[in-house]
Amino acid sequence: MRRTLAATSLLAAAAACTPALAQLSDIDPNHKHAWGENIGWTNWRDANGAAQGVRLLPALNAPQFLAGFAWSENCGWINMGDGTPANGTAYANTTGADHGVNILGNNLLSGLAWGENIGWINFNTAPTLMAFGQEARWDPAAGRFRGYAWGENVGWINLDHAQHFIAVPLCEPDLTTGAIPGQPGFGVPNGILNNEDFFFYLTIFAQGNPAADLTTGAIPGQPGYGVPNGVINNEDFFYYLSLFAAGC
Ligand SMILES: [Ca+2]
Ligand SMILES: [Ca+2]
């Protein structure tokens with residue numbers, strides 16, 4: 001009986017974590033800082049305990065736009081976009097209501113982020129920096145950003161440093177450090193793929209946690225593979241299983 005009660009408490013604790021888990025930043029905890037020449041460090045992951053950190057949407061393996069906030073220690077919040085471009089695929093950046101950073105089909109970045117105290121930050125630096133190979137861009141093979149963005153009031157923001165850059169974990173099925181809700185490292189990728197990750201996925205899948213929605217279908221190469229569809233079903237489970245089995 002006591003064991004049953006403990007299990008119930010664990011489930012309740014896990015359920016309490018659900019909303020934050022659903023929106024955790026995609027940014028690698030070990031590669032979350034970029035340097036601005038006039039604003040110092042920006043942290044792209046840890047807004048509101050990572051629940052409002054930067055995300056790459058709609059899917060890490062096929063990102064089209066950013067969402068969430070970076071934090072500048074000297075200049076406050078920087079809004080990368082609200083995650084809902086009006087046309088569904090790219091922020092138009094023609095009004096403040098539909099602004100944000102896009103990842104184009106050729107992996108160039110474009111669009112505008114808004115710094116509450118520093119105004120617009122332009123990621124469309126290809127016109128000026130392409131000649132120098134320093135245009136702001138997404139490098140899918142390395143899972144990181146490269147090049148420079150330009151703040152109208154604060155100058156260059158360096159996405160290109162060899163050690164200090166913004167990346168996503170390359171190991172997609174690495175979801176957590178430990179599988180016990182409420183423990184430090186729950187839901188925080190640690191660069192190691194093991195049973196903790198599998199049981200973590202099993203837990204959020206059983207909960208119906210929106211974070212368990214990983215794909216539309218489970219057949220590689222088919223449309224919708226790796227693109228969440230708002231439905232959590234066996235396709236998501238088998239998709240995760242195949243990622244996990246493939247290893248990192
Ligand atoms: Ca792990
Ligand atoms: Ca799904």
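Author: Before we start, a quick definition: donors are N, O and S atoms close enough to the metal, which for Ca means within 3.2 Å. Also keep in mind that this is a predicted model.

Reader: Okay, so which residues coordinate the calcium ion (ligand 1), and at what distances?

Author: Asp 174, Asn 190 and Asp 197 are on the list, with Asp 197 appearing twice. Thr 176 and Ile 192 each give an atom labelled O. Asp 174 and Thr 176 are both buried. The distances for this calcium ion (ligand 1) run from 2.3 to 2.5 Å.

Reader: Why is the arrangement around the calcium ion (ligand 1) irregular?

Author: For six donors to count as octahedral, opposite ones must be over 155 degrees apart and all others between 65 and 115. Around the calcium ion (ligand 1), the six donor atoms subtend angles that start at 51 degrees and go up to 166, so the arrangement is irregular.

Reader: How are the donor residues of the calcium ion (ligand 2) spaced in sequence?

Author: This ion is coordinated by Asp 213, Thr 215, Asn 229, Val 231 and Asp 236, with Asp 236 listed twice. Put in sequence, the donor residues read D-x1-T-x13-N-x1-V-x4-D.

Reader: Is Thr 215 buried or exposed?

Author: Thr 215 sits in the loop between H3 and H4, and so does Val 231, 16 residues apart from it. Val 231 has a relative accessible area of 40%, so that one is partly exposed. Buried means under 20%. Thr 215 has 0% relative accessibility, so the word for Thr 215 is buried.

Reader: Let's move on to Asp 160. What does the side chain of Asp 160 reach?

Author: You'll find Asp 160 in the loop between strand S12 and helix H3. Its contacts, leaving aside neighbours within four places in sequence, include Arg 144, Tyr 148 and Gly 147. At 2.6 Å, the side chain of Asp 160 reaches the backbone nitrogen of Gly 147.

Reader: And which backbone nitrogen lies 2.8 Å from a polar atom of the side chain of Asn 79?

Author: Look in strand S5, residues 76-82, where Asn 79 lies. Beyond its neighbours within four places in sequence, Asn 79 is in contact with residues including His 99 and Trp 114. The backbone nitrogen you want belongs to Gly 81.

Reader: Last one: what volume does the largest pocket have?

Author: Its lining is made of 35 residues, and among those nearest the centre are Asp 26 and Arg 55. H1, S3, H3 and H4 each supply at least two residues of that lining. The volume of this largest pocket is about 730 Å³.

Key
Residues numbered from 1 in each chain as written. Chains lettered and ligands numbered in written order. Predicted model: local features only at pLDDT ≥ 70, side-chain atom pairs only at ≥ 80, totals over all residues. Heavy atoms only, no water. Donors = N, O, S within 2.8 Å, 3.2 Å for Na, K, Ca; no water. Tetrahedral: all angles 85-135°; square planar, octahedral: opposite > 155°, others 65-115°. Buried < 20%, exposed > 50% of the residue type's maximum accessible area, 1.4 Å probe, protein only. Helix = DSSP H or I, 4+ residues; strand = E, 2+ residues; numbered from the N terminus. Contact = heavy atoms within 4.5 Å. Polar contact = N/O pair within 3.5 Å; in protein donor to acceptor, adjacent residues only side chain to side chain. 1 Å grid on protein atoms, 1.4 Å probe; cavity = no way out; pocket = protein on both sides within 12 Å on 5 of 7 lines; lining within 4 Å. Points joined across faces, edges and corners; volume = space filled by probe spheres on them.
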